[in-house]
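Q: Please take a close look at the largest pocket of this structure. Which residues and elements line the largest pocket, and how is the chain around it divided into domains?

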Amino acid sequence: MYLFKRRNDLKKHLDLVRKSNKSIGFVPTMGALHNGHLSLIQAARNENDVVVCSIFVNPTQFNDPKDFEKYPITIEEDIKKLNDASTDILFLPSVEEMYPEGLTGSEHYDFGDLETILEGKFRPGHFQGVGRIVHKLLDIVQPHKLFMGQKDLQQCLIIRKLLQITKSSVELVVCPTLRETSGLAMSSRNQRLSPAARKKAVAIYEALEKLRAEFGKGLFLLEAAHEAFDELKKQGFEPEYVDILILDDGQLRHISEPPGDHTVVAAIAAWLGDIRLIDNMVLQGSLSQKN
């Protein structure tokens, strides 16, 4: 596996790859890799000649500086996992390499209402930071396909919008959420959970499963979402939202009437101690895997 820390060195190498008519798949990460990330690497490997992974903990997407400071860093273990997964290239830049102009940029992306709900509501500025770093990474890597996980569904939709805004030809592939045997969605933040907290965190998955079952019975979902919120609170969580949404033409909107044939998604964000966990589940329909 090649490891690059400088953007210009990586660009020169990838220029040669493109001249050889080889396709490039790209998996951007913030490290602390787990099997969910490795499933994205495998998906990229299945569809491309060359797989590039980046590890960069992006400071501009953390609206809480303490969250940025606590984000797990496991570079040595990550490199071994990527090697074992037959990753071709790792891009491991510094903050100065990615933000030579400084962190207070003037870029602003019009993500519309997608930026004002769920994560956007509780993490102001988060998606502007996500858009900024992904735009930079795509300019450097210039992949044919970009692979992301469904656990960060709203982020996937933001990046799909970014590709439209920038008129990019990159194809976004959204891959299913990988879960632990308990049902807990795999996440880098799980590394900070104690064994007891990890068992407790499964309640988020159980709440989503209950919402899916109740949707299948035709029950009124808004009431069910309120009940799930209250139940998580009783179990010691500090939930930020338990929402039922319709996915319509790349946008999410709160359900207020029978959804018809639209895809319906349940989404949860909740604090367990000082660790924020998110998850989602499709209740009806399916997510388009490709942009």
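A: On a 1 Å grid over the protein atoms alone, a pocket is an open set of points where a 1.4 Å probe fits, with protein on both sides within 12 Å along at least five of seven lines, and its lining residues have an atom within 4 Å of a point. Grid points are joined across faces, edges and corners, and a volume is the space filled by probe spheres set on the points. The model is predicted: local features need pLDDT of at least 70 and side-chain atom pairs count only at pLDDT 80 or more, whereas totals for chains, interfaces and linings use all residues. Residues are numbered from 1 along each chain as its sequence is written, and side-chain values use heavy atoms, with hydrogens and water left out.

The largest pocket has a volume of about 280 Å³. Its lining comprises 16 residues, of which Leu157, Arg160, Asp249, Gly250 and Gln251 are the closest to the centre. Two elements, α8 (153-165) and β7 (238-248), give two or more residues to this lining; helices (H or I, at least four residues) and strands (E, at least two) are DSSP runs numbered from the N terminus. Helix α8 supplies the largest share, six residues. By class, the lining has seven nonpolar, five polar and four charged residues. Here Ala, Val, Leu, Ile, Met, Phe, Trp, Tyr, Cys and Pro count as nonpolar, Asp, Glu, Lys and Arg as charged, and the others, Gly among them, as polar.

The domains give the setting. The protein chain is divided into domain 1 (2-175) and domain 2 (188-279), with bounds that come from an automatic or database domain assignment. Each of the two domains gives at least three residues to the lining of the largest pocket. Between the centres of domain 1 and domain 2, taken over C-alpha atoms, the separation is 26 Å. In total, 22 residues of domain 1 are in contact (heavy atoms within 4.5 Å) with 19 residues of domain 2.

One annotated residue may be considered alongside the pocket. An unreviewed UniProt entry places the feature "active site" at His37; UniProt positions are given in the numbering used here, feature names are shortened, and annotations may be inferred rather than shown by experiment. His37 lies in helix α2 (residues 35-47). His37 counts as buried because its relative accessibility is 14%, buried meaning under 20% relative accessible area (1.4 Å probe, protein chains only). Apart from neighbours within four places in sequence, His37 is in contact with Thr29, Gly31, Ala32 and Ser188.

Notes
Buried < 20%, exposed > 50% of the residue type's maximum accessible area, 1.4 Å probe, protein only.
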